[in-house]
Structures are given as structure tokens and as C-alpha cells.
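Please open the structure in the viewer and keep the sequence panel visible. The tour proceeds by selection.

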Amino acid sequence: MRKLGWPTLFCNELVIDTEGAIADYRLRQKDGKRMTALALKQLNYRVVAVGDSYNDITMLKEADRGILFQPPDNVREEYPEFPVTHNYGQLKSIIQET
């Protein structure tokens, strides 16, 4: 973190076992991605969210604009309401249209 200038991080916690291996994780907040989008909207920000899988769907639905980036076929098929991008150029274009 020192090399990054000690940025503010809002992340979950890894549980480390006695041998130093990752054993589990603890969520900082349930449905944190959606809650972040909601909080930003409550501060009058326009929220554009980008995700690629099921754990991003509630955030994408909460955002003013949700975009799928290189999602697996099953996610793309289940959520046709979101535009799908396959590269950063496409993503930039959709964001600029917003």
C-alpha cells in the first residue's frame, strides 16, 4: 500500500489460518457493491457501474447505468438488459454515451 500512497480501501477481510494460508473471508458489508452505488446516488452522483459476473448484478441494477464487461455467456444471457462490452474501446464508448 505504501507504493500506492496509502489509498483508502473498502475491502473485505481474509481469514488466515495458523499456517499462513487463506482459510476464509469476512464481508465488510452485505451486498457492498450495491450499497456503494446507492450511497453515491444519494450524494447526487450519477453512477455508471461495470461488472462481469453474478456478484455484480445488484450493483449494476442500482446504478444509473450498468454495463457488463466480458461476462461469461450465462450471465450475458440471464441479464440482457445490460449492454455487453468486450474491450476497453467499446466500454469507453458506452460510458461516453451515458
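Select Ile22, which is found in strand β2 (strands are DSSP runs of E of at least two residues, helices runs of H or I of at least four, numbered from the N terminus). Ile22 is exposed, at 57% relative accessible area (exposed means over 50%, with a 1.4 Å probe and protein chains only). The model is a predicted one, in which local features need pLDDT of at least 70, side-chain atom pairs count only at pLDDT 80 or more, and totals for chains, interfaces and linings use all residues. Residues are numbered from 1 along each chain as its sequence is written, and side-chain values use heavy atoms, without hydrogens and water.

Next, add Leu14, Ile16, Tyr25 and Leu27 to Ile22: together they form a nonpolar surface patch with about 540 Å² of accessible area. Strands β1 (13–16) and β2 (22–26) are the elements that each give two or more residues to this patch. Its members have over 30% relative accessible area and no salt bridge, their nonpolar side chains (Val, Leu, Ile, Met, Phe, Trp, Tyr) being joined within 5 Å; a salt bridge is a Lys or Arg side-chain nitrogen within 4 Å of an Asp or Glu carboxyl oxygen. Areas come from the Shrake-Rupley method with a 1.4 Å probe.

Finally, select Gly5, in the segment before β1. Gly5 is exposed, with a relative accessible area of 54%. How far apart in space are Gly5 and Gln70? The C-alpha to C-alpha distance is 30 Å, and 65 residues separate Gly5 and Gln70 in sequence.

Technical notes
Patch = residues over 30% accessible without salt bridge, like charges linked within 9 Å, V, L, I, M, F, W, Y side chains within 5 Å. Buried < 20%, exposed > 50% of the residue type's maximum accessible area, 1.4 Å probe, protein only.
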